Amino acid sequence: MATRIEDVLAEAERSGGTVRSIHVEKQLELQLDLGNLAALDTNPLNGLQFRQDPEEFLRSLARDNTQLLLNAVWQLPSERLQEGIVAKLPQPTTLIPREKALPKPRRPTRWEEFAKLKGIQQKKKSNLVWDKEKKEWRRRWGYKRANDETKEWVIEVPENADPNEDQFAKRVTAKKERVAKNELNRLRNIARAQKNKVPGMGLVPTGQPSKAELSKAIHVAKTSTASVGKFQDKLPKEKEQRNVGKKRKFQPLIGDFSAEKQKQLELLKIMSSKKPKLDLTKAVNRQLREDDQEQAAKRKKMSKGRKGGKSNRKGGKGQDRKSAMKQRGKRK
């Protein structure tokens, strides 16, 4: 609900409060940017008042600057609308930085590159076309379009076509193929714009597919039928595909109930046991591996000790020979 200024002033007088004037004096005028509804105050601050009561000082300063901004807004040309009086703001003068980076230009599609290379300019077509049969203007595409060939009740059979072939079904199939091709091209353009690899018809996106990749693609295409390729014809020198996938093995519905009972009991035993199941083979292999490592470490130490003993013995023999020679010299 709108409030009149007279009611606000009367309420302030009854409460005994003071109403501040709309006229504010400043040593330096504010730098106003009315397009952004912003004001820049370059006046020096009063340090004494700020130290005494910082919150009150900042509140008073904000109020005065806002009052000056509103006074400048009311001086702009305005017009009265149904909602109220609206001011016409000028163009902003302060450049505000963007939050996000500029969007990158979209990569052109193949058709756009081809059209630019050949100088083809796209002509804008009107949405309405004259329908000769209905004698009225109709939409070019969509429901109840003009010159709709799908509404024809008879189709001329071409000379080279099979007379028993259904031309209506052939036309529907051709349209579905065109739609699928257009959708594939659209997805390829999106992938090219995002710099992603686009897979081909059952092939890995490589420059020159190998023989194995081609054979895999042929197998995938053949097994995509309802009969899983059972009634598909083979090529003259085509080999059977082996080890393509794993086949699921199902237990017979009627058979050995004792084996099923044993499986269920083993499953319950595993679920109810709190201690983990001990794999004896794995534990024995681990113990043998550790024993082998210990034996190898002992052999290594023994070989090092033997080498050191030989060197000491050699040194001892040399000293004995020197002492014997000295004794012989003294005797002579």
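**Figure 1. Phe 114 in helix α4, with its aromatic partner.** Phe 114 counts as partly exposed, since its relative accessibility is 40% and the partly exposed class runs between 20% and 50%. This is a predicted model, and the same goes for the other views here. Helix α4 covers residues 110–118, and it holds both Phe 114 and Trp 111. The two sit 3 residues apart, about one turn of the helix. Trp 111 is exposed, with a relative accessible area of 52%.

**Figure 2. Phe 50 against Phe 57, one of the aromatic pairs.** Searching the whole structure turns up 3 aromatic pairs. In this one, the ring centres of Phe 50 and Phe 57 are 6.0 Å apart and the planes meet at 80°, so the pair is edge-to-face. For comparison, go back to Trp 111 and Phe 114: that pair is tilted, with 5.9 Å centre to centre and 35° between the planes. Why those two numbers each time? Because a pair of aromatic rings is described by the distance of the centres and the angle of the planes. As for cover, Phe 57 is buried at a relative accessible area of 11%, while Phe 50 counts as partly exposed at 37%.

**Figure 3. Arg 145 and its surroundings.** Look for Arg 145 in the loop that links β6 (136–139) to α5 (167–193). Is this arginine buried or exposed? Arg 145 is buried, because its relative accessible area is 19% and the buried class takes in anything under 20%. Its side chain makes a polar contact of 2.8 Å with the side chain of Asp 148. Setting aside neighbours within four places in sequence, Arg 145 touches Arg 138, Arg 139, Arg 140, Thr 150 and Lys 175.

**Figure 4. Arg 140 over Trp 141.** Arg 140, which is also one of the contacts of Arg 145, has a ring to sit over. Arg 140 lies over the face of Trp 141, at 5.5 Å from the ring centre.

**Figure 5. Stepping back to the whole protein.** To place the close-ups, here is the full chain: 8 helices and 6 strands, running α-β-β-α-α-β-β-α-β-β-α-α-α-α from the N terminus on. Buried residues make up 8% of the 332 residues; Arg 145 and Phe 57 are buried. The accessible surface is about 32600 Å², with 55% of that belonging to carbon and sulfur atoms. Among contacts with a separation of 6 or more, 32% come from residues 24 or more positions apart.

Conventions. Residues numbered from 1 in each chain as written. Predicted model: local features only at pLDDT ≥ 70, side-chain atom pairs only at ≥ 80, totals over all residues. Heavy atoms only, no water. Helix = DSSP H or I, 4+ residues; strand = E, 2+ residues; numbered from the N terminus. Buried < 20%, exposed > 50% of the residue type's maximum accessible area, 1.4 Å probe, protein only. Polar contact = N/O pair within 3.5 Å; in protein donor to acceptor, adjacent residues only side chain to side chain. Contact = heavy atoms within 4.5 Å. Areas by Shrake-Rupley, 256 points an atom, 1.4 Å probe, with all protein chains shown as cover. Phe/Tyr/Trp six-rings, centres within 6.5 Å; stacked < 30°, edge-to-face > 60°. Lys NZ or Arg CZ within 6 Å of the ring centre and 35° of its normal.
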